[in-house]
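Please open the structure in your viewer and keep the selection panel at hand. The stops below go from one selection to the next, each with a note on what is there.

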Amino acid sequence: MGALVAVEGLDGAGKRTLIDAVVAGLAERGLRVAGLAFPRYGRSVHADLAAEALRGRHGDLAASVNAMALLFALDRAGSRDELAKLLADNDIVLLDRYVASNVAYNAARTDQSADGEIASWVTELEFGRFQMPVPDLQVLLDVPTELAAERARRRGELDTARGLDAYERDNGLQERTAAVYRVLAETHWHGSWWVHRPHDDPATLTARLAEKVAL
């Protein structure tokens with residue numbers, strides 16, 4: 001059974017770039033490694049509904065914190081069999097976002113802390129009712145909110161089909177989300193957390209992950 005590693009961070013933090021570098025580095029070391037990104041846009045009706053709601057469709061759906069959290073949770077629940085197979089077939093499975101993202105963003109939306117009511121509800125929903133596996137490790141890509149916002153803006157300009165959604169346009173939400181993420185990492189919410197910063201070398205993270213698998 002492979003190690004489940006979730007990479008977390010703000011929109012525009014650079015998670016995809018980091019994961020691609022780490023996957024390549026682990027493969028060079030001879031490890032079997034796979035990745036999966038959430039939300040699964042284009043593959044999951046729940047993810048697509050959430051994306052559409054964040055761009056103004058489906059009435060007041062996006063205004064409901066619980067409804068949006070449920071859509072993202074249902075997207076993950078729909079991947080459970082695929083995730084189980086990836087873990088069975090690989091040494092490491094790297095996730096671009098996981099349950100912590102649902103906790104961080106929705107705690108931030110409701111101005112709650114990382115141990116508030118919405119965080120507890122999401123945690124019970126995903127790890128309890130939907131029985132999603134708890135990660136062996138969570139990595140927070142901790143970048144300044146200004147840098148993440150600029151990256152997200154540039155990405156939207158380069159890909160008109162991927163324009164900024166309501167969450168990405170809300171600078172206050174991004175700042176509050178970053179604060180919740182840091183608390184989750186500091187308190188080791190549901191297991192071990194490592195913090196990776198913008199100028200940290202991906203090769204260092206790769207080496208640490210390879211060492212973790214070897215233990």
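How many residues does the largest nonpolar core have, and which of them have the most contacts inside it? Bear in mind throughout that this is a predicted model. The largest nonpolar core has 67 residues, and to see those with the most contacts inside it, select Met-68, Leu-83, Leu-94, Leu-95, Tyr-98, Leu-184 and Leu-209.

From that set, keep Leu-94 and display its surroundings. Once its neighbours within four places in sequence are left aside, Leu-94 is in contact with Val-5, Val-7, Ile-19, Val-22, Val-23, Leu-26, Val-33, Ala-34, Gly-35, Leu-36 and Leu-209. Leu-209 also appears among the residues with the most contacts inside the core.

Next, select helix 5, residues 99-109, together with helix 6, residues 117-129. Their axes come within 9 Å and cross at roughly 155°; angles over 145 degrees count as roughly antiparallel, and helix 5 and helix 6 are therefore roughly antiparallel to each other. The crossing of these two helices is right-handed. To inspect the contact itself, show Val-99, Asn-102, Val-103, Asn-106 and Ala-107 on the helix 5 side, which meet Ile-118, Ala-119, Val-122, Thr-123, Glu-126 and Phe-127 of helix 6. By residue class, this contact of helix 5 with helix 6 divides into 7 nonpolar, 3 polar and 1 charged.

Stay in helix 6 and centre on Ala-119. Is Ala-119 buried or exposed? Its relative accessibility is 1%, and because buried means under 20%, Ala-119 counts as buried. Not counting residues up to four places away in sequence, Ala-119 touches Val-103, Ser-113 and Ala-114. For a sense of distance, add Asp-89: Ala-119 and Asp-89 are 30 residues apart in sequence, and their C-alpha atoms are 32 Å apart in space.

For the last stop, return to helix 5 and add helix 9, residues 171-186. The axes of helix 5 and helix 9 come within 8 Å and cross at roughly 130°, which makes helix 5 oblique to helix 9. Helix 5 passes helix 9 in a right-handed crossing. Select Ala-100, Ser-101, Val-103, Ala-104, Tyr-105, Ala-107, Ala-108 and Arg-109 of helix 5, then Leu-173, Gln-174, Arg-176, Thr-177, Val-180, Tyr-181 and Leu-184 of helix 9, and the residues that make this contact are on display. They divide into 10 nonpolar, 3 polar and 2 charged. Leu-184, on the helix 9 side of this contact, is also one of the residues with the most contacts inside the largest nonpolar core.

Definitions and conventions:
Residues are numbered from 1 along each chain as its sequence is written. This is a predicted model: local features need pLDDT of at least 70, side-chain atom pairs count only at pLDDT 80 or more; totals for chains, interfaces and linings use all residues. Side-chain values use heavy atoms; hydrogens and water are left out. A nonpolar core is a set of buried Ala, Val, Leu, Ile, Met, Phe, Trp, Tyr and Cys residues joined through side-chain atoms within 4.5 Å. Buried means under 20% relative accessible area, exposed over 50%, partly exposed in between (1.4 Å probe, protein chains only). Contact means heavy atoms within 4.5 Å. Axes are lines fitted to C-alpha atoms, for helices over the stretch in contact, and angles run from 0 to 180 degrees between N-to-C directions. Helices (H or I, at least four residues) and strands (E, at least two) are DSSP runs, numbered from the N terminus. Angles under 35 degrees count as roughly parallel, over 145 as roughly antiparallel, 65 to 115 as roughly perpendicular and the rest as oblique. A crossing is left-handed if the near helix is turned anticlockwise from the far one by less than a right angle, and right-handed if clockwise. Ala, Val, Leu, Ile, Met, Phe, Trp, Tyr, Cys and Pro count as nonpolar, Asp, Glu, Lys and Arg as charged, and the others, Gly among them, as polar.
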